[in-house]
Amino acid sequence: MSSLSSHDSVSLDGTSKTPHKDPTDSSTNLIVQTNSLSLDDLKSRFLDSSLLTFATKTSGTMQSYNIELFKSSSLPSEVFDNCFDLLEANMSAAYKATSRGWNPRKKKEEMKHPAMRYLVLTTIPGGNDKTVGGAGFVGFLEFMITEEEGSDVIYTYELDILPAYQKLGLGKRLLDVAEEFGRRVGVEKAMLTVFDSNKGARRFYEREGYDLDEISPDPKVLRNGTIKPSTYHILSKAFWTDESGEEDGDESEDEGEDDD
Ligand SMILES: CC(C)(COP(=O)(O)OP(=O)(O)OC[C@H]1O[C@@H](n2cnc3c(N)ncnc32)[C@H](O)[C@@H]1OP(=O)(O)O)[C@@H](O)C(=O)NCCC(=O)NCCS
């Protein structure tokens, strides 16, 4: 997962390489207005507090967790380091296998973009805490409310859970919180990028209702007829089916909030 999307048309120093939009355009305004809100406003308006504190069985005992929203500018430096180190441990090999490679400096620059937002998952002390040094950090989801090919979207840049805490429903929980945030903001869909090599994550997202987006790069057909998949895919999940604002029906197929 990364910004390896058509997102690359917007450089992360804030200079847009895409045609400039009319500032009165309502789509642009939704993004500009949302990104200019204070952290307290973002929390009170767009977070579903019932999803933020929960408990789930971890190695046989109940463990309580908390999810906290940060702006890149408000993320404490030790938490930033936790996020970066986990991303590097989980994903740098997959990045290295692509033509872009793994560039820690550029990744850190992207992670510090002023519009980047973080959902940070920690254990609540007192449970079966296996975090390194009991520091509490378990994982994070990094996202931006942005525009992608003319649509207002919530774009998940990274989602990483510590290996010891994977497959407990925690990744799903972070994704649920981000999606609810996007719905409340009023964006059209949730988007993300997944490496072709990351089959487990692709299955995970498909189970969460994500499909290949229309802007996902097509596979290459080589001269000998062999089909070579792109090294990454862009997935999305629509929030609304039509102009009336009727919600996409895939929710009823979910297993629901059964991980508490
Ligand atoms: C991918 C990732 C974020 C998923 O988070 P998670 O907390 O492990 O996933 P959850 O427990 O919420 O998974 C929900 C479902 O997906 C399944 N699943 C999760 N990861 C899977 C994997 N690698 N292979 C197969 N199934 C997987 C779970 O078994 C679960 O299935 P269920 O609902 O039928 O029980 C996490 O495994 C991770 O951090 N992986 C390494 C980094 C990475 O690949 N990030 C994504 C980059 S695009």
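Trp 240 sits in the segment that follows β10, the strand spanning 232–238. In this predicted model, Trp 240 counts as partly exposed because 15 C-beta neighbours fall inside 10 Å, and a residue would need 20 or more to be called buried. Val 187 is 53 residues away from Trp 240 along the chain, yet the C-alpha atoms of the two are separated by 8.9 Å.

Stepping back to the whole protein chain, the secondary structure adds up to 6 helices and 10 strands. Of the 260 residues in the chain, 32% are buried. Long-range pairs feature heavily in the contacts: looking at those with a separation of 6 or more, 69% are between residues 24 or more positions apart.

The sheet comes next. It is an open one built from 8 strands, with mixed pairing, and its order reads β1-β2-β3-β4-β5-β6-β10-β7. At the edges are β1 (53–58) and β7 (211–212), each of which pairs on one side only.

Within that order, β10 lies between β6 and β7. With β6 (residues 189–195), β10 pairs in the antiparallel sense over 7 bridges; one of the residues involved is Phe 195, whose bridge partner in β10 is Tyr 232. On the β7 side the pairing is again antiparallel, this time over 2 bridges, and here Leu 212 has Leu 235 of β10 as its bridge partner. As for burial, β10 is mostly covered, with 6 of its 7 residues buried.

Elsewhere in the sheet, β3 (residues 117–123) and β4 (residues 137–148) run antiparallel and are joined by 6 bridges. Thr 122 takes part in this pairing, and its bridge partner in β4 is Phe 137.

Two loop residues stand out for their backbone angles. Glu 149, in the loop between β4 and β5 (151–161), is not a glycine but still has a positive phi of about 50°. Glu 149 has 15 other C-beta atoms within 10 Å, so it is classed as partly exposed. Lys 167 belongs to the loop between β5 and α5 (170–185). Its phi is also positive, near 60°, again in a residue other than glycine. Lys 167 counts as exposed because it has 11 C-beta neighbours inside 10 Å, and the cut-off for that class is 12 or fewer.

Definitions and conventions
Residues are numbered from 1 along each chain as its sequence is written. This is a predicted model: local features need pLDDT of at least 70, side-chain atom pairs count only at pLDDT 80 or more; totals for chains, interfaces and linings use all residues. Helices (H or I, at least four residues) and strands (E, at least two) are DSSP runs, numbered from the N terminus. Two residues are in contact if their C-beta atoms, placed from the backbone, lie within 7 Å. Two strands pair if DSSP finds at least two bridges between them.
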